[in-house]
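Trainee: I'm new to this one. Could you walk me through how to read it?
Mentor: Sure, let's look at it together.

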Amino acid sequence: MKKFGGTAFSGLSLFAGFVLPAACAGQEAAHQPPQQAQLTQAISTPERQAPPEPLSPAARAILKERMASHARDMGELVSAIMLLKYPEIAQRADAIAADVNLSRPVTGDATELNSSLPEKFFVRQDDLKAAARVLGNSARNLDPYRVANAYGKLSEACVRCHADYRPRD
């Protein structure tokens, strides 16, 4: 077996230590998942020109309880997504879609609790439900990129509603 000389070994070390990493650094976003843009949008602060839209104290109380439930669901969903546990992702997404069920007021009767919620709230709720359904279907198709993209849309729906109605801390 032949030994490497000091100069040849040093040259090989320099090549491996500096040239190869520099070559890899030039490959910027080629290997970035397609959901990167959605993630960035979902975690960015939405633009809001005015303070949050007002909600009645009764509506806030009901929503506060629901938001605690959603927070648990989203936390468990993130854990399942990070480990690509597709059955659990589908189950959590389906649970979120099923729990998003405040109905639009049927009449203009002020005694209906839901009449204190503006129409825009129901539009945001519909967006959330649709995004949760897409996420559940993506998980059932075992497609990690569609799962990631759908989760970005689900998170975006949450953030947009919070931007509209949640007071800033």
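**Burial, helices and a pocket**

Mentor: Of the 169 residues in the protein chain, 28% are buried (under 20% relative accessible area with a 1.4 Å probe, protein chains only; exposed is over 50%, partly exposed in between). This is a predicted model, where local features need pLDDT of at least 70 and side-chain atom pairs count only at 80 or more, while totals for chains, interfaces and linings use all residues. Residues are numbered from 1 along each chain as its sequence is written, and side-chain values use heavy atoms, leaving out hydrogens and water.

Trainee: How many helices and strands does the protein chain have?
Mentor: Helices (H or I, at least four residues) and strands (E, at least two) are DSSP runs, numbered from the N terminus. Here there are six helices and zero strands.

Trainee: How do I spot empty space, and what volume does the largest pocket have?
Mentor: Roll a probe the size of a water molecule over the atoms, and it shows where empty space is left. A pocket is an open set of points on a 1 Å grid over the protein atoms alone, where a 1.4 Å probe fits, with protein on both sides within 12 Å along at least five of seven lines; lining residues have an atom within 4 Å of a point. The largest pocket's volume, the space filled by probe spheres set on points joined across faces, edges and corners, is about 610 Å³.

Trainee: Which residues lie nearest its centre?
Mentor: Leu-63, Met-67, Cys-161, His-162 and Arg-166, out of 26 lining residues. α3 gives the most to that lining, with nine residues.
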